[in-house]
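Please open the model in a viewer and keep the selection panel at hand. The tour proceeds by selections, each followed by a description of what is found there.

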Amino acid sequence: MTDQRNEAERLAKLMNGLADSILEASEEEIMAEERETGADPIHEAAKVDTLLRAGSTHERTPMRTIRTVIADDHPIFRDGLRRLLESEGDLKVLGEASDGAEAVKLTRQLKPDILLLDLSMPKHPGLEALRELSTPTNAAPVRVILLTAAIEKSQIVEALQLGARGVVLKDSATQVLLKGIHKVMEGEYWVHREPVSNLVQYLHTLMQSTREQARERKFGLTPRELEIVSAVVAGYANKEIAAYFKIAEDTVKHHLGNIFDKVGVSTRLELALFAVNHSLPLPPIT
C-alpha cells in the first residue's frame, strides 16, 4: 500500500514538471516570434506602463469654447440652432436676437467670437446690421457668418466686402455649418460648402460671374425698356427721352413704371444705381 502511494506521488510530480516545461516552452516560443517581427514584448509592456502613468499624471489641454450669438427673426429656427450648437462641446450660445438692430446691440455688449446673422429680417436686414458693425467707429471684434435661405452672387460680394467671414445656406447639412464656424475661427473664409483661401481672387471671379449673369438674363427687361434705362443713366428727363425715341411722354412714364416693378426700385436714382451695379447691357445713347 505504501509502495502504491509513493508511485502515485512520483507520477504526479512528473506530470506537474512536464506541464511547467510545456508552459515555459510556449512562452519562450511566443516571445521568440514577437522578436522576429521586431517587437520586444518586455519593452512594449514597459512602454504601455509608461504611457498609462503619464496619462494619469498629466491633464489634457482644455478645448477652447467658441462663443456665439444667433440673430434670426424665426423663434423656432433660433431654438433649433441653439440646441444644435450647444450639443457640440466647444460651442456656447451667449444670446439671441430677433432683428438686425438687436443683433448689433448684443454683439457690442457680449463681444462673441461668432455672430450667426440671418440675411433677411424685418426692420433691420442682415446686410444693414453687417454694415453698421463694419464701420470704423463701431467696429466689433466678431466674425460674422450670414445664414440665408437664398442669396444672390452680388449680395455675397457685398457681404464679403463689408467684412463677413462666411455665408451658409440654411438648407445645408449640419456639418457644413459646424465646419464653416471652425474654419472661420481658424482665420479662413467660408462660402456655401467650402473654404475660401484667396478672398481677392474669389471676389474677382464672383463679380465677373455676376456681370455675365446680369447680361444674360436682363431682369426681364424688353429692348425698349433697356433703351429707356440707358437714357435715365445718361441723365435724360422724361420729356427728353420722349423726344429722343419719338414717343409720348406718358408712354415713357408707363415704361418706367414697368421697369421699376421688374427690378424692384422706386426712383430714377435707384434705377441708375441698379443698372450700374448689375452691369445691365444698355444700348448706347448719343
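The stops below run from the whole chain to a helix, the cores, the rings and a few backbone positions.

**The whole chain**

Begin with everything displayed as a cartoon; this is a predicted model. The chain comprises 12 helices and 7 strands. Of its 286 residues, 34% count as buried. If one takes the contacts between residues at least 6 apart in sequence, 63% of them join residues at least 24 apart.

**Helix α3**

Select residues 75–86, which form helix α3. This helix has 12 residues, and its span from first C-alpha to last is 16 Å, close to the 16 Å expected at 1.5 Å a residue. Show the side chains of Arg78, Leu81 and Leu85, which are buried in α3. They lie on the same side of α3, because the arc they cover around the axis is only 70 degrees. As a general point, an α-helix has 3.6 residues a turn, so residues three or four places apart point the same way. Now add Pro75, Ile76 and Arg83, which are exposed on the other side of α3.

What covers the buried residues of α3? The elements to colour include the strands β1 (66–71), β2 (91–97), β3 (114–118) and β4 (143–148), together with α7 (174–185).

Keep Arg78 in view. Arg78 is a residue of helix α3, and it counts as buried because its relative accessibility is 13%, under the 20% cut-off. Beyond its neighbours within four places in sequence, Arg78 is in contact with Ile70, Asp72, Asp73, Glu96, Ala97 and Ser98.

**The nonpolar cores**

Next, select Ala71, Leu115, Leu117, Leu130, Leu146 and Leu160. Within the largest nonpolar core, which has 31 residues, these touch the most other members. Centre the view on Ala71: apart from residues up to four places away in sequence, Ala71 touches Ala97, Ala103, Leu115, Leu116, Leu117, Asp118 and Met121. A second core, separate from this one, has 20 residues, including Val252, Phe260, Phe274 and Ala275. In soluble globular proteins, nonpolar side chains tend to be buried together.

**Aromatic pairs**

Display the aromatic rings; the whole structure contains 3 aromatic pairs. For one of them, select Phe219 and Phe274, whose ring centres are 4.9 Å apart and whose planes meet at 70 degrees, so this pair is edge-to-face. Which parts of the chain does the pair link? Phe219 belongs to the loop between α8 (199–217) and α9 (223–233), whereas Phe274 is in helix α12 (residues 268–277), 55 residues apart. Phe219 is buried at a relative accessible area of 19%, and Phe274 is buried at 11%.

Move to Tyr236 and Tyr244. These two form an edge-to-face pair, with 6.0 Å from centre to centre and 90 degrees between the planes. Tyr236 is partly exposed at 22% relative accessibility, and Tyr244 is partly exposed at 30%. Add Phe245 to the selection: ring pairs link Tyr236, Tyr244 and Phe245 into a cluster.

**Charges over rings**

Select Arg165 and Tyr189. Arg165 lies over the face of Tyr189, 4.4 Å from the ring centre. Tyr189 is in strand β6 (residues 189–191). Setting aside neighbours within four places in sequence, the contacts of Tyr189 are Leu160, Ala164, Arg165, Glu194, Pro195, Val196 and Leu199. A distance label between the C-alpha atoms of Tyr189 and Leu199 should read 7.5 Å, for residues 10 apart along the chain.

For another such arrangement, select Lys170 and Phe77: the charged end of Lys170 sits over the ring of Phe77, 4.4 Å from its centre.

**Backbone positions**

Select Lys111, in the loop between α4 (100–110) and β3. Its phi is near 50 degrees, a positive value in a residue other than glycine. Lys111 is partly exposed, with a relative accessible area of 48%.

Continue to His192, in the loop between β6 and β7 (194–196). The phi of His192, near 65 degrees, is also positive in a residue other than glycine. His192 counts as partly exposed at 26% relative accessibility.

Finish at Ser134 in helix α5 (residues 126–134), which is partly exposed with a relative accessible area of 32%. From Ser134 to Gln161 the C-alpha distance is 9.6 Å, and the two are 27 residues apart in sequence.

How values were computed. Residues numbered from 1 in each chain as written. Predicted model: local features only at pLDDT ≥ 70, side-chain atom pairs only at ≥ 80, totals over all residues. Heavy atoms only, no water. Core = buried A, V, L, I, M, F, W, Y, C linked by side-chain atoms within 4.5 Å. Buried < 20%, exposed > 50% of the residue type's maximum accessible area, 1.4 Å probe, protein only. Contact = heavy atoms within 4.5 Å. Phe/Tyr/Trp six-rings, centres within 6.5 Å; stacked < 30°, edge-to-face > 60°. Helix = DSSP H or I, 4+ residues; strand = E, 2+ residues; numbered from the N terminus. Lys NZ or Arg CZ within 6 Å of the ring centre and 35° of its normal. Expected span 1.5 Å × (residues − 1). Arc of directions from axis to C-beta.
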